[in-house]
Amino acid sequence: MGEVVGIPRALLYYHYYPMWKVFFESLGQTVVTSGPTTRAVVDAGIKVTVDEACLPVKVFHGHVLALAGKCDYVFIPRLVSVERRAFICPKFMGLPDMIRCNCRDIPRIIDSCINLSRTTREYMRAVYSTGRMFTGSALRILASHNRARTALARYTRHIEGGLTPDEAMAVMGMAPSFDEPAHGTVAAASSSGGGPAAAMGAGRVVVGLVGHPYIIYDPFVSMNVLRRLREMGVTVVTSDMLPAAVTEREAARFPKRVFWTLGRRLLGAGFHFLRSGAVHGCLHMRAFACGPESLIGEVLERECARRRDVPFATITVDEHTGEAGILTRLEAFVDVIARRRKP
Ligand code: SF4
């Protein structure tokens, strides 16, 4: 009988959960996730982290603590790089160490090191050493890895097709069993209308939302930004819904290559939203104390000030942010867009 691997529902869960789930399940293990983020989860994370940590890292700690007693292992990969010549925010590299240092009585950590910055050799070594914890068969590990990559490709297609992670997981039959898709159903998503171009054609407000998935798709952290905008009749296109080719092309306009993978995608998405005429407004949601995003935000603000044709707003979230304040800002932002569009 297999063991139970826990995956915290925070940080890169939103990018990679289907891949990780398929990998461990193909190796005969059971996968569980922590529940949705709540005040108690955030408070538990705040209690064990330093004040200077960004909110998503604090939230991650809370999710790891929530998995205590529910699994044999908790999967916290040491993510160094997910592509050639680029890196992930340093917080991800130190995550397993931070968790070991800050959290007591948690399951054993699987801290596979993912580093694709130079070659795939080191990455495949990590895949095999992780798989060998559960099977002695290299062939089975390779087959599980291939199935996992296929699941990730399907998931990415769904996201680029306009679904949120929860909606994509629901379509793939992978939504964690104990909760509903957090941002409404897939039907609700598609009822916003056949994509942003169709929504624009139908006279609806379309907003480009730039932000890390672990901020904008976490209803508690983002104060329900997606649901709130949809309730106002806005069609939302997130940075993840843009094909990588588009964000790469746009980010290349910046004079210096941004070597943080996620930051580069956000920058490219922001440039696209501000320059392409594909949206009526661009909203940047970021975490307080995030180094990479303070640079991205500054560059986007300058681009917006230079062009002056697409309204742009920044919302910064931290553990003290209140939903009422966010709602007021969203209403004001949508109101500005609506006024601008009046003939
Ligand atoms: S990119 Fe920013 S928000 Fe994300 S983990 Fe790093 S510091 Fe935190």
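**Exercise 1. Work out whether Pro 18 is buried or exposed in this predicted model, and what surrounds it.**

Start with the address: Pro 18 belongs to helix α1, which covers residues 13-26. Next, check the accessibility. The cut-off for buried is under 20% relative accessible area. Pro 18 comes in at 0%, so it counts as buried.

Now look for its partners. Skip residues up to four places away in sequence, and Pro 18 touches Ala 151, Tyr 155, Met 169, Met 172 and Met 174. To finish, try a long jump along the chain: Glu 231 is 213 residues from Pro 18 in sequence, and their C-alpha atoms are 28 Å apart in space.

**Exercise 2. Do the same for Lys 58: which helix holds it, and is it buried or exposed?**

First, the helix: Lys 58 is part of α3, residues 55-66. Then the accessibility: Lys 58 has a value of 2%, which means it counts as buried.

Last, the contacts. With neighbours within four places in sequence set aside, Lys 58 meets Gly 45, Ile 46, Thr 49, Val 50, Asp 51, Ala 53 and Glu 319.

**Exercise 3. Compare two non-glycine residues with positive phi, Leu 11 and Asp 105.**

Take the angles to begin with. Leu 11 has a phi of about 45°, and Asp 105 has one of about 55°. Neither is a glycine.

Then place them. Leu 11 sits in the loop between β1 (4-7) and α1, while Asp 105 is in the loop between α5 (95-102) and β5 (108-110).

Now for the surface. Leu 11 has 4% relative accessibility, so it counts as buried. Asp 105 has 74%, so it counts as exposed.

**Exercise 4. Describe the largest pocket and explain where it lies relative to the two domains.**

Step one is volume: the largest pocket holds about 900 Å³ of space. Step two is its lining, made up of 40 residues, with His 15, Tyr 16, Leu 152, Thr 156 and Arg 265 closest to the centre.

Step three, sort the lining by element. Those that give two or more residues are α1, α6 (121-131), α7 (138-160), α13 (244-251) and α14 (261-275). The largest share comes from α7, with eight residues. Step four, sort by class: the lining has 25 nonpolar, eight polar and seven charged residues.

Finally, the domains. Domain 1 (4-160) and domain 2 (192-341) both give residues to the lining, so the pocket lies between them.

**Exercise 5. List the residues around the ligand and sort them by class and domain.**

Begin with the names: Cys 54, Pro 56, Cys 89, Lys 91, Phe 92, His 212, Tyr 214 and Cys 290 surround the ligand. By class, this shell splits into six nonpolar residues, one polar and one charged. As for domains, at least three residues of the shell come from each of domain 1 (4-160) and domain 2 (192-341).

**Exercise 6. How many cavities of 30 Å³ or more are there, and what lines the largest?**

The count comes to four cavities of that volume. Pick out the largest cavity, which has a volume of about 90 Å³. It is lined by 14 residues, and the closest to its centre are Leu 12, Trp 20, Phe 60, Pro 77 and Leu 95. Then check the classes: the lining has 14 nonpolar residues, with no polar and no charged ones.

How values were computed: Residues are numbered from 1 along each chain as its sequence is written. This is a predicted model: local features need pLDDT of at least 70, side-chain atom pairs count only at pLDDT 80 or more; totals for chains, interfaces and linings use all residues. Side-chain values use heavy atoms; hydrogens and water are left out. Helices (H or I, at least four residues) and strands (E, at least two) are DSSP runs, numbered from the N terminus. Buried means under 20% relative accessible area, exposed over 50%, partly exposed in between (1.4 Å probe, protein chains only). Contact means heavy atoms within 4.5 Å. On a 1 Å grid over the protein atoms alone, a cavity is a set of points where a 1.4 Å probe fits but cannot get out, and a pocket is an open set with protein on both sides within 12 Å along at least five of seven lines; lining residues have an atom within 4 Å of a point. Grid points are joined across faces, edges and corners, and a volume is the space filled by probe spheres set on the points. Ala, Val, Leu, Ile, Met, Phe, Trp, Tyr, Cys and Pro count as nonpolar, Asp, Glu, Lys and Arg as charged, and the others, Gly among them, as polar. Domain bounds come from an automatic or database domain assignment. A residue is near a molecule or strand if one of its heavy atoms lies within 4 Å of it.
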